[in-house]
Amino acid sequence: MRGCATDGVVAWHRTLRKAFHSFCSPTSCIFGPNLPDVWVPREHTPPHTLFPESLQWANNGHNALILEGKPIAKQIKLEVADEIRRMKSGIGKFPRLAVVLVGDRRDSHTFIHIKLKACDQVGIETVTSQLPENCDESELLDVVSGFNEDPDVHGILVQLPLPQHLDEEKIINVVSPEKDVDGFHPLNIGNLAIRGRKPFFVPCAPKGCIELLLRHGVEIKGKRAVIIGRSKIVGLPTSLLLQRHHATVSVLHAYTKNPEHITSEADIVVVDVGVPNIVRGNWLKKGAVVIDMGTNQVKDPSGHGFCVSGDVCFEEAVKVASAITPVPGGVGPVTISMLLSNTLDSAKRAFGMV
C-alpha cells in the first residue's frame with residue numbers, strides 16, 4: 001500500500017503552496033527567483049528559504065507523501081481550456097499543433113494518441129503527418145519545413161525516436177525555435193542554460209517536474225539536488241531548471257563513481273535512466289523528495305503480462321523519503337499538460353497576446 005503523510009504535513013504544504021503562488025507569477029515560478037549571486041561569510045549567510053524553516057519537508061517515521069500528478073495535470077488543463085475559450089470568443093482564433101510521426105512503433109502511436117486526445121479536450125486543433133518507416137530524410141525535412149512556414153500552425157511536435165537511418169539532430173534543428181513546443185531546439189536549450197535569458201519553450205518533462213514540485217510546495221532554493229541521467233530530453237534541461245531555482249545540482253551518469261553515496265546527500269532526487277528499480281531505499285537521505293521520471297515495462301510479479309515500473313524501488317523509497325512521485329501517475333500526466341501549455345503560449349505570441 002502506498003502511504004500518505006500526516007494531516008499536519010498536508011496542512012502546511014497547502015499553506016506553503018498558496019504563499020508561493022502569491023509570491024511568483026507563473027513565468028517566474030518556472031524559471032525561479034531572479035536573485036543575484038552574492039557571496040558573504042558563512043556566519044552571516046541569510047536563510048536560503050523564502051519561508052520559515054519549520055515548513056520544510058520532514059519525515060517523522062511515516063510513509064512519504066505521494067506527489068500525484070493527475071490532479072495537477074487536470075488543473076492545468078482547465079486553465080489552458082479556459083484561456084483557449086476566451087481566445088476563441090475574443091479574437092476568433094485558436095492554437096494549432098502539427099504532429100509528425102514516422103513509422104509504426106507501437107509506443108510512439110500510443111504516446112501520440114494520448115497527446116492528441118489531450119489537445120482535443122482543451123480545444124487545441126491538431127494536424128498529423130504520418131510517414132512510412134523507410135521514408136527519405138528529405139521527405140521528412142520537407143514536411144517539417146512546410147509546417148514551419150504555415151502561419152496557422154503554432155507548434156510542431158516530431159515524435160521521437162526516429163528510425164535509425166534518419167538524423168535526429170538534423171530534424172530537430174530544422175524545427176523553427178518559435179514552434180518547437182518540445183523545447184529541444186539548440187537555441188531553446190542554450191537560452192535555458194544562460195541566466196537572464198528565456199527560451200521560447202522549456203522541454204515538457206523537465207517543466208512538468210518543476211511544476212509538480214512548486215505546486216506541492218517543495219522548497220528548491222538552497223537545496224542539494226541530484227539528477228540521475230543526463231539525457232537532452234530530461235536530465236540536462238531538468239538540471240538547468242533546478243539551477244535557475246538556485247539548487248546545488250549534481251548530475252550522475254553511467255561513469256559516475258559511487259552514485260549511491262552522492263545520491264544519499266541529496267535533498268531532491270530526480271531519476272530518469274530507464275533501468276527499473278536502480279535507485280534503492282538505501283541510496284536516499286531520510287526526508288528526501290524523490291521524482292521518478294522513469295517508465296519501464298517489466299514482467300508482472302503475478303506472471304500475467306507486464307506492468308509499468310519506475311527507476312526507483314517505490315516500496316523501499318516510500319519508507320525513507322518525505323515525498324515521492326508514483327509511476328505511473330506522477331510526472332507523466334503533468335508532462336502532457338505542459339505540451340498543451342507550450343502550444344497555447346506559442347499561439348498567444350503569434351496573436352500578439354503576450
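**Close-up views of a predicted model**

**View 1. A cavity and its lining.** The second largest cavity holds about 80 Å³ of space. Here a cavity is a set of points, on a 1 Å grid over the protein atoms alone, where a 1.4 Å probe fits but cannot get out; its volume is the space filled by probe spheres set on the points, which are joined across faces, edges and corners. This is a predicted model, in which local features need pLDDT of at least 70 and side-chain atom pairs pLDDT 80 or more, while totals for chains, interfaces and linings use all residues. Residues are numbered from 1 along each chain, and side-chain values use heavy atoms, without hydrogens and water. Lining residues, with an atom within 4 Å of a point, include Ile156, Val175, Asp180 and Phe184. Strand 4 (155–158) and helix 6 (168–174) each give at least two lining residues; strands (E, at least two residues) and helices (H or I, at least four) are DSSP runs numbered from the N terminus.

**View 2. Two parallel strands.** Strand 5 (residues 224–228) and strand 6 (residues 248–252) run parallel, joined by five bridges; strands pair if DSSP finds at least two bridges between them. Look for Val226, which stands opposite Ser250 in strand 6.

**View 3. A residue in helix 8.** Glu211 sits in helix 8 (residues 204–215). Is Glu211 buried or exposed? Glu211 counts as buried because its relative accessibility is 10%, and buried means under 20% relative accessible area (1.4 Å probe, protein chains only). Beyond neighbours within four places in sequence, Glu211 is in contact with Ile30, Ile76, Val334 and Met338, where contact means heavy atoms within 4.5 Å.

Conventions
On a 1 Å grid over the protein atoms alone, a cavity is a set of points where a 1.4 Å probe fits but cannot get out, and a pocket is an open set with protein on both sides within 12 Å along at least five of seven lines; lining residues have an atom within 4 Å of a point. Buried means under 20% relative accessible area, exposed over 50%, partly exposed in between (1.4 Å probe, protein chains only).
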